Amino acid sequence: MTTRHWTCPYCNRDCTIHDENNGNIKDFFTKRQLSADLGWMASNTEVIVCPNPDCKNLTIKTAIYEYNAQYQQTGEKIKEWNLAPESSAKPFPDYIPRALLEDYEEACLIQNGSPKASATLSRRCLQGMIRDFWKTKKNRLVDEIEALKDKVDANTWEAIDSVRHVGNIGAHMEKDVNLIIDVDPEEAGLLIWLIETLFEEWYIKRHDREQKMAAIVGVAKAKKELKKAPPGNV
């Protein structure tokens with residue numbers, strides 16, 4: 001039996017996948033009808049059933065690889081499609097502003113099909129987060145990132161600032177965030193990762209802290225009321 005670690009894209013639970021949760025269908029075909037190249041390719045469709053009893057959703061992905069006539073993989077993955085769910089977007093709580101979540105979810109949905117548009121949505125989402133969470137508003141995203149330097153920890157700021165040095169993304173940080181720029185899916189993925197990280201670091205951690213602080217205040221208040229109560233009513 002083979003096992004591996006996996007995170008469900010529906011419930012975001014970390015799981016251990018076994019053979020009974022995972023199935024693969026592989027199909028080999030030649031490129032003869034497409035070109036003079038007689039090389040072989042294979043499509044691999046993987047189906048995973050989430051083992052979380054409260055979820056049980058299906059995740060389905062299909063990928064194309066180069067193979068040889070001996071059925072050995074000879075190249076990297078050529079292309080991959082997310083069939084279910086269609087997007088790689090992670091589920092985030094609804095106390096994060098809806099406009100930010102919509103930009104993030106759409107950026108994930110089109111990362112591979114239209115990385116330029118994906119990066120544009122991510123840059124807008126990043127600017128929206130900075131303005132909403134830190135109440136910082138400047139004309140250029142690069143200036144808003146610079147203004148965060150004394151507000152966030154060094155590691156977080158370095159990660160945000162590092163995006164400015166990634167190809168065309170960084171070259172256009174000083175321009176309108178809605179400007180369409182040429183990027184590849186990997187670069188678009190870096191922006192998506194950054195947004196996911198900042199959702200966790202800013203909104204979710206703040207919410208968890210507020211909940212815990214409120215719980216402490218609630219416990220203290222309950223204890224105080226007990227002390228005020230007459231002895232016979234305690």
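Begin by selecting residues 4-7 and 14-17 in this predicted model. These are strands β1 and β2, which run antiparallel and are joined by 4 bridges. Within the pair, display H5 of β1 and T16 of β2, which stand opposite each other. Next, move to the connection of this hairpin, where 6 residues lie between the strands. Select N12 there: its phi is positive, near 65 degrees.

Proceed to the open sheet, which contains 4 strands in the order β3-β4-β5-β6 with antiparallel pairing. To locate its edges, select residues 22-30 for β3 and residues 73-84 for β6; each of these strands pairs on one side only. Viewed from strand to strand, the sheet has a twist that averages 20 degrees.

Keep β3 selected and add residues 40-49, which form strand β4. The two strands pair in the antiparallel sense, over 9 bridges. For a point of reference in this pairing, show N22, which stands opposite I48 in β4.

The last stop is helix α6; select residues 185-228. This helix has 44 residues, and the distance from its first C-alpha to its last is 63 Å, close to the 64 Å expected at 1.5 Å a residue. At the N-terminal end of α6, display D184 and E186. D184 caps this end, with a side-chain oxygen 3.1 Å from the backbone nitrogen of E186. Then follow the helix to I204, where a kink of about 30 degrees is centred.

How values were computed. Residues numbered from 1 in each chain as written. Predicted model: local features only at pLDDT ≥ 70, side-chain atom pairs only at ≥ 80, totals over all residues. Heavy atoms only, no water. Pairing = 2+ DSSP bridges. Axes fitted to C-alpha atoms, helices over the stretch in contact; angles between N-to-C directions. Expected span 1.5 Å × (residues − 1). Bend = angle between axes of the 7 residues up to and from the residue. Polar contact = N/O pair within 3.5 Å; in protein donor to acceptor, adjacent residues only side chain to side chain.
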